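Got your viewer open? Load the model, switch on the side chains, and follow along one selection at a time.

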Amino acid sequence: MVELLLKRYLWLIDTLKRGGEMNFEEIAGLWAKSSVNDNGSVLSKRTFYNHCKAVARHFGIEIVCRRGRGLNLYSIANPEAIEENSLTKWVLDGFSLGELLLGNGSIADKILLEEIPSGREWLEPVLQALQANRRIELEYENFFGLKFGGTVSPLCVKLFKRRWYMVCRVREERMRIFSLDRVKNLRVTDVGFVYPADFVAADYFRDVFGIVAGTGGEVENIVIRTYAELPGYLRSLPMHHSQRELDSNEEYTDFSLRLKPSFDFIQELLLHRDQLEVLSPQKLREEIAEIITKMKNHYE
């Protein structure tokens, strides 16, 4: 029941976000054809008003009515509440995409999606533990065969390259990051913990690309030169929130980034092959060149 109501709330937000001002008859008409309405129910005004109140209560999104002579138009009064809340925006985008795909089920063989690794089943109990500040009993083994068993205090979760990760405090001053698809067993305990007042999840990852964080290292000013179609790609989808465009001409475009050159970041640089060159700092440029040389040696 809760899941069904949540889908209805998301449907209403998505419908008004895309449609702008709409009267009740238009909204009810779209509901009648929605894939979320799997039992063919009719949207009554009373249910609609209750959904509007629930959307405001759960998402902080205000649905208002502009009244006129024989005209009642409904719209979202504060669309910034969607854009400024990354979780709401992500969930809404995912819902909207799901609606689109389900509406085209007849051509499912022509829609190709990426597989998601296992680990999704552990996300719900982890979120429950985060909600209640409960410690988690964990059994874990990474790809190198290194095992971990014990009780941890979950601090946040992060999605990166189709994998869910959990940041935990293992001991008082020690942090660890676990990939949920490598968890062997997980149980939420009845033992509570005090969530650290000085931990802010966004700040923890602010100066890194990817999931490798909290390992030390200095934030550096990094300048990359990009070629071919990569400049356009990076303009439309920046590599990091600190990315800035410095210079551009017909041959190349230079960008600057300010972050820690972690393992994940170096992997991302190498992903772009000969369309990307590190200009500075010199130490990172040399490290990339050394990696490329080692790769070349594998083929000789």
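Here is a tour that goes from a pocket to a helix, some aromatic rings and a few unusual backbone spots.

First, some ground rules. This is a predicted model, in which local features need pLDDT of at least 70 and side-chain atom pairs count only at pLDDT 80 or more, while totals for chains, interfaces and linings use all residues. Residues are numbered from 1 along each chain as its sequence is written, and side-chain values use heavy atoms, with hydrogens and water left out.

**Stop 1: a pocket**

Select W11, R18, L30, S34 and E99. Of the 14 residues lining the second largest pocket, these are the closest to its centre. A pocket here is an open set of points on a 1 Å grid over the protein atoms alone, where a 1.4 Å probe fits, with protein on both sides within 12 Å along at least five of seven lines; lining residues have an atom within 4 Å of a point. The volume is about 270 Å³, counted as the space filled by probe spheres set on the points.

Now colour α1 (2-19), α2 (24-33) and α5 (86-102), each of which supplies at least two lining residues. Helices are DSSP runs of H or I with at least four residues, and strands are E runs of at least two, numbered from the N terminus. Which helix gives the most to this lining? That's α1, with five residues.

**Stop 2: helix α3**

Select residues 45-59. The 15 residues of α3 should span 21 Å at 1.5 Å a residue (the count used is one less than the number of residues), and the end C-alpha atoms are 21 Å apart, which agrees. Show F48, H51, C52, A54, V55 and F59 as sticks: these residues of α3 are buried, meaning under 20% relative accessible area with a 1.4 Å probe and protein chains only (exposed is over 50%, partly exposed in between). Just after the helix comes G60, with a positive phi near 70°.

**Stop 3: aromatic rings**

The whole structure holds 14 aromatic pairs. Rings of Phe, Tyr and Trp (its six-membered ring) pair if their centres lie within 6.5 Å; planes under 30 degrees apart are stacked, over 60 edge-to-face, and the rest tilted.

Start with F160 and F209. Their ring centres are 5.7 Å apart and their planes sit at 85°, so the pair is edge-to-face. F160 lies in strand β4 (residues 147-160) and F209 in the loop between α7 (201-204) and β8 (220-226), so the pair ties together parts 49 residues apart in sequence. Both F160 and F209 are buried.

Next, pick Y227 and Y252, another edge-to-face pair, at 6.4 Å centre to centre and 70° between the planes. Are they buried or exposed? Y227 is partly exposed at 25% relative accessibility, whereas Y252 is buried at 18%. Keep Y252 on screen and add R225, which lies over the face of that ring, 3.7 Å from its centre. That label needs NZ of Lys or CZ of Arg within 6 Å of the ring centre and within 35 degrees of the ring normal.

Before moving on, select F193, Y195, F199, Y204 and F205, which form one aromatic cluster.

**Stop 4: backbone oddities**

Go to the loop between β4 and β5 (163-171), where K161 sits. K161 has a positive phi, near 50°, in a residue other than glycine, and counts as exposed at 51% relative accessibility. R162 is in that loop too, with phi near 70°; at 35%, R162 counts as partly exposed.

Finally, zoom to S280 and P281. The peptide bond from S280 to P281 is cis, with omega near 5°, and P281 is in the loop between β11 (276-280) and α10 (282-298).
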